[in-house]
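The following exercises are intended for work with the sequence and the model side by side. Please attempt each task before reading its solution.

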Amino acid sequence: MILPLRSRLKVLQMSACFCKVLNRNSVTYSEHFQRSLNSPEDYWNEAAQEILWFKKYNQVLDNSNPPFSKWFVGGQMNTCYNLLDRHVLEGFGNQVALFYDSPVAGKKSMFTYSELMDQASKFARVLVNLGVRKGDRVLIYMPMIPQSLIAMHGCSRIGAVHVTVFGGFAPNELARRIDDAKPIVMVTASCGIEPNKVIGYESLVDKALNLASHSPKHIVTVQREQLKQLKFINGFHIDWDDKMESALGHDCVPLDSDDPLYIIYTSGTTGRPKGIVRGNGCHGVALKWSMKHIYDLKPGERWWAASDIGWVVGHSYIVYGPLLNRSTSILFEGKPIGCPDAGTFSRIIDEYDVVSLFTAPTAMRVIRNADPDGDLSKKYKMEKLRVVFLAGENCEQDLLKWTSSVFKRPALDHWWQTESGWPITSHHIGLGLSTNYQHGSSGKPSPGWNVKVLNKRLEECKAGELGEIYVKLPLPPGAMQTLWNNDSKYVETYFTKGYYMTMDTGKVDDNGYIHIGGRIDDIINVAGHRLSTKQMEMAIGKHPDVSEQVVLGMNDSIKGVVPVGLIVLKKHCTKSNDDVIKEVIALVRNDVGPVAALKKVVVLPTLPKTRAGKFVRGVLKKILNGEEYQVPLTLDNVDDFHEIESILKITKIK
């Protein structure tokens, strides 16, 4: 069923009466959190009033079949309608929805809410003309260009399920996702652009299709100026511009609350990939809620999530969250350095009046290594910036302090996962928590996330005691609903005895703040002592000459496992490697204690990362231990990896 304009206006008027949201600006974080646990249906019913529903739900929560909880049962809405059409109909069509800034392509552009709605509407029609219907999958394999977002919005407009994969992903990983999702249409571009090279997508797509058993019926390609597609098969290969030029618009289709919005795949190199499924209604409610209460972002303000649309941060906080909030999102195609220098992030913040930046700790480490004193940022005023949010991996206190000093604003860590879809813990500045709590905590649990730190017997740990982090069911709106076509794997992988297993370790302090200790696999057993490698990494991170650090467990015939530190030095370091190593070992001994047994530290020219900016810990550990391994297909720089590989193969414990 398609909702025409007149009906949409009527829905808007009805929803305005329905959406009588209580003014709770004076309500504290603690009150919010307790209400969310004690009265989850009342709490999320109130939050759901911020979404425009075509049909009101008849049940807030159906928890009759855990862990398959259903939120807003019987309700109908459309995500694209709430992102775009709603704001246009409310009179904000001329507000900028999206700024696109690409130093690698030498391009800048902007889209108002009206323009973005028009483009999404046209692409929705293109998909329908190609045979795509509600529930069909569309795989999007794109660089960071506006057409990527338009494709995602076009899918949500008609109820197609988008499967957005990081552009430039290795062909065999792309093939696995094609076979699992079985898309009707694939959307791609002729190339991606790095600071010093152009990455052609045609050969990557061809290899993936040759490896996959499933093939889409059509491939829609954006032809970029930097590289035109070489071959073009009519009927199978479709030119984006040709189809968009002649396309009429398409209205939003009402969707059930739990109809899937998208599938996003978690990392993994063996077996069937895990496709996280996220529904329309619960996703919209949670993301809209988070923009106000976690990030304190107001409608009309400008927000920048410096991530990639292929990852969950890009989904939640480039494509969806800001637009649900009627804010302006920044789409950046480039790197933290080399575009042209380490002042690029500050330039973006200053030029677009960004009020909040969300990025990964790795980005800040890269900037710090290239510009340790922040000199390149000093020429930018960044007057509108209020706070910098970091998430995606472990973040040491020293990096938070450096980020805060360079950007002259609070820098806050918070923690969440692809599976959660939005923050599990945060500092909730929209609910009044202080921005000055910067001692390495990831914040307090978000409303709806009943976080527990438990031991192996699923008993609650004391304050300050390291344990494993669980979330008591039901999971709140916006969390994963299942794995694509694999309910049994969903239950087996993630749940036990009424809890969601986050696979992360951590502890809670006396004030209720959560401190993340890394993945469960990062806990090593040294002579009978369970130690967190993250705790050692945080100690190493305090050294003024260390830029990046990783601690891994290396097999030992006497102690079973011993920690080995891998470090990268800052460019301005004038000390000898041996002197820095001695000081690093002393830091760990002082912070963690002699039980840490860190006696071996290796200085490396760099630490290999994936294109997502994450260290390849598992592979590095296998190299250290002389185990078989495969060179990661998602490496950012293979040449650097081979140099490090040679160094680690001769590393021995003294």
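The exercises below concern a predicted model and treat confidence, an annotated span, a sheet and two residues.

**Exercise 1. Confidence.** State the mean pLDDT of the protein and the share of residues that reach 70 or more.

*Solution.* The mean pLDDT is 89. Of the residues, 91% reach 70 or more. Residues 12-25, however, have a pLDDT below 50. Beyond near neighbours in sequence, this stretch makes 21 contacts in the model.

**Exercise 2. An annotated span.** Identify what UniProt places at residues 29-82, and describe the secondary structure of that span.

*Solution.* Step 1: according to an unreviewed UniProt entry, these residues carry the feature "domain: Acetyl-coenzyme A synthetase N-terminal". Step 2: in the model, residues 29-82 are 41% helix and 19% strand. Step 3: the C-alpha atoms at the two ends of the span lie 27 Å apart.

**Exercise 3. A sheet.** Determine the strand order of the seven-stranded open sheet and explain which strands stand at the edges.

*Solution.* Step 1: the order is E5-E4-E17-E16-E18-E19-E20, and the pairing is mixed. Step 2: E5 and strand E20 (411-413) each have a single partner strand, so each has one side without a neighbour in the sheet. Step 3: on average, neighbouring strands are turned by 20° against each other, direction ignored. Step 4: strand E4 (residues 96-102) pairs with E5 in the antiparallel sense over six bridges. Within this pair, Asp-101 stands opposite Lys-108 in E5. In general, the strands of a sheet pair through backbone hydrogen bonds.

**Exercise 4. Thr-112.** Locate Thr-112, decide whether Thr-112 is buried or exposed, and list its contacts beyond four places in sequence.

*Solution.* Step 1: Thr-112 belongs to strand E5 (residues 107-112). Step 2: its relative accessible area is 12%; the cut-off for buried is under 20%, and therefore Thr-112 counts as buried. Step 3: its contacts are Gly-93, Asn-94, Gln-95, Val-96 and Ala-97. Step 4: a polar atom of the Thr-112 side chain lies 3.4 Å from the backbone oxygen of Gly-93.

**Exercise 5. Asp-180.** Establish whether Asp-180 is buried or exposed, and find the residue with which its side chain forms a polar contact.

*Solution.* Step 1: Asp-180 lies in helix H7 (residues 171-181). Step 2: Asp-180 is buried because its relative accessibility is 10%. Step 3: leaving aside residues up to four places away in sequence, Asp-180 touches Tyr-265, Arg-272, Pro-273 and Trp-484. Step 4: the side chains of Asp-180 and Tyr-265 are joined by a polar contact of 2.7 Å.

Key:
Residues numbered from 1 in each chain as written. Predicted model: local features only at pLDDT ≥ 70, side-chain atom pairs only at ≥ 80, totals over all residues. Heavy atoms only, no water. UniProt positions renumbered as here; feature names shortened; annotations may be inferred. Buried < 20%, exposed > 50% of the residue type's maximum accessible area, 1.4 Å probe, protein only. Polar contact = N/O pair within 3.5 Å; in protein donor to acceptor, adjacent residues only side chain to side chain. Contact = heavy atoms within 4.5 Å. pLDDT = per-residue confidence, 0-100. Pairing = 2+ DSSP bridges. Axes fitted to C-alpha atoms, helices over the stretch in contact; angles between N-to-C directions.
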